[in-house]
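Dear colleague,

Please find below the structure that I am handing over to you. My notes on it follow, with the salt bridges as the main topic.

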Amino acid sequence: MRNGAAGSADSGEALLRRMAARRRRDNMVVVVLAVLAVLGGGHAVFDFFAPDPKPPGDEAMIAVAGHARLAGAFAEDFVHTYLGASSGDQDALARFVDDTRQISLPKTGQQVGEPLVVYQSRTFVSGTVEVWSVTVSVRVGREGSRQYYRVPVSVSEGSLRALTLPAAVAPPAVGADLAQAYSAPCGEETALTQVASGFLNAYLTGQGDVARYVAVNSGITALRPALFSEVTVSVTAEDNHCGTEGASARVLATVTPKATTGNAPTLSYPLTMVRGEGQWQVQAIDALPALREPLTVVVRQGEDPGAADGAAGTTPTPTTAAQIPPATQN
């Protein structure tokens with residue numbers, strides 16, 4: 001009985017100690033609020049409880065993105081209108097640029113279509129004024145090739161103006177080819193090819209169950225409606241094991257599809273695959289192919305770097321690879 005009484009007494013004393021500690025904490029909070037109220041008024045008290053402010057720069061980045069869209073749309077409209085203008089249209093161009101009386105225009109306007117912003121950069125900032133350099137691509141003539149024009153556009157508190165008339169410029173140069181990590185073709189009988197082929201057949205044609213081929217929580221579902229009636233798939237992997245070893249693999253699946261109207265252009269699907277429960281599954285359709293590490297540029301011997309396409313019927317030239325050195329800090 002004494003033990004029970006002692007236990008009750010101990011429990012009561014512990015409860016009193018906790019209540020006293022809580023009272024001391026509450027008193028400290030009241031003191032802090034009183035000090036804040038004296039020093040900074042009600043605003044300081046509000047700030048004490050207010051959530052942390054958003055990181056600086058978020059609103060500025062949103063504003064810059066909005067200005068970029070404004071400048072791009074304005075440049076598209078200007079280039080499209082200007083190249084299609086004819087003599088007597090100076091007044092219509094006055095909403096874009098100053099001193100239109102000095103503009104020489106043809107008697108008959110050109111047929112201009114498909115304006116598209118291909119590049120833009122903010123080149124000058126002073127207070128509320130920004131100047132954007134915008135390059136616009138348009139198709140001139142009924143079946144003409146694309147032409148490229150650059151326009152400097154000022155943006156100031158939502159108002160836009162072209163600083164000069166458009167300037168014809170060269171199209172973007174042909175970029176370098178980056179070496180990919182895929183090097184080993186996988187036969188039709190290999191595990192990776194069988195799973196990738198089954199997956200893409202179900203994904204693109206709707207024939208079969210996509211869930212059978214994808215990892216849990218991959219989020220991949222078949223395209224609806226199905227785009228093709230039939231597909232042929234070939235697979236290239238990073239190594240020649242092609243699924244006989246390892247727990248993960250990156251592959252490039254090349255798809256030759258067929259629609260109800262006939263053959264369709266070839267497609268490519270970079271895939272990340274994992275081995276789960278004894279079988280291979282597709283974990284993700286990757287946004288970009290697996291690149292060789294360190295990053296490497298493919299150099300074609302004797303190829304004209306300015307040519308976008310090789311001449312038809314010519315023999316492919318040998319290729320070499322040049323590594324890109326890693327970036328260094330100054």
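Of the 330 residues in the chain, 28% count as buried. Please bear in mind that this is a predicted model. The accessible surface of the chain amounts to about 21,700 Å², and carbon and sulfur atoms contribute 54% of that area.

As to secondary structure, the chain contains 4 helices and 14 strands. Among the contacts with a separation of 6 or more, 50% are between residues 24 or more positions apart.

I then turned to the salt bridges, of which a search of the whole structure finds 5. Three of them are described here, beginning with those that involve glutamate 114.

Which residues are linked with Glu114 in a network of salt bridges? The network consists of Glu114, Arg139 and Arg146. In one of its pairs, the side chain of arginine 139 meets that of glutamate 114 at 3.4 Å, N to O. This pair links distant parts of the chain, since arginine 139 belongs to strand β2 (residues 129-140) and glutamate 114 to strand β1 (residues 112-126), with their positions 25 residues apart in the numbering. In the other pair, the side chains of glutamate 114 and arginine 146 form a salt bridge at 3.0 Å, again given from N to O. Because glutamate 114 lies in strand β1 and arginine 146 in strand β3 (residues 146-156), this salt bridge ties together parts that are 32 residues apart in sequence.

The exposure of the network residues may also be of interest to you. Glutamate 114 has a relative accessible area of 45% and is therefore partly exposed, the limits of that class being 20% and 50%. Arginine 139, with a relative accessible area of 28%, is partly exposed, and arginine 146 is likewise partly exposed, with a value of 26%.

A further salt bridge joins arginine 122 and glutamate 130, whose closest N and O atoms are 3.2 Å apart. Are the two partners buried or partly exposed? Arginine 122 counts as partly exposed, at 38% relative accessibility. Glutamate 130, in contrast, has a relative accessible area of 7% and is buried, because a residue under 20% is classed in that way. This salt bridge therefore pairs a partly exposed arginine with a buried glutamate.

With kind regards

How values were computed: Residues are numbered from 1 along each chain as its sequence is written. This is a predicted model: local features need pLDDT of at least 70, side-chain atom pairs count only at pLDDT 80 or more; totals for chains, interfaces and linings use all residues. Side-chain values use heavy atoms; hydrogens and water are left out. A salt bridge is a side-chain nitrogen of Lys or Arg within 4 Å of a carboxyl oxygen of Asp or Glu. Helices (H or I, at least four residues) and strands (E, at least two) are DSSP runs, numbered from the N terminus. Buried means under 20% relative accessible area, exposed over 50%, partly exposed in between (1.4 Å probe, protein chains only). Contact means heavy atoms within 4.5 Å. Accessible areas come from the Shrake-Rupley method with a 1.4 Å probe; for residues, only the protein chains shown count as cover.
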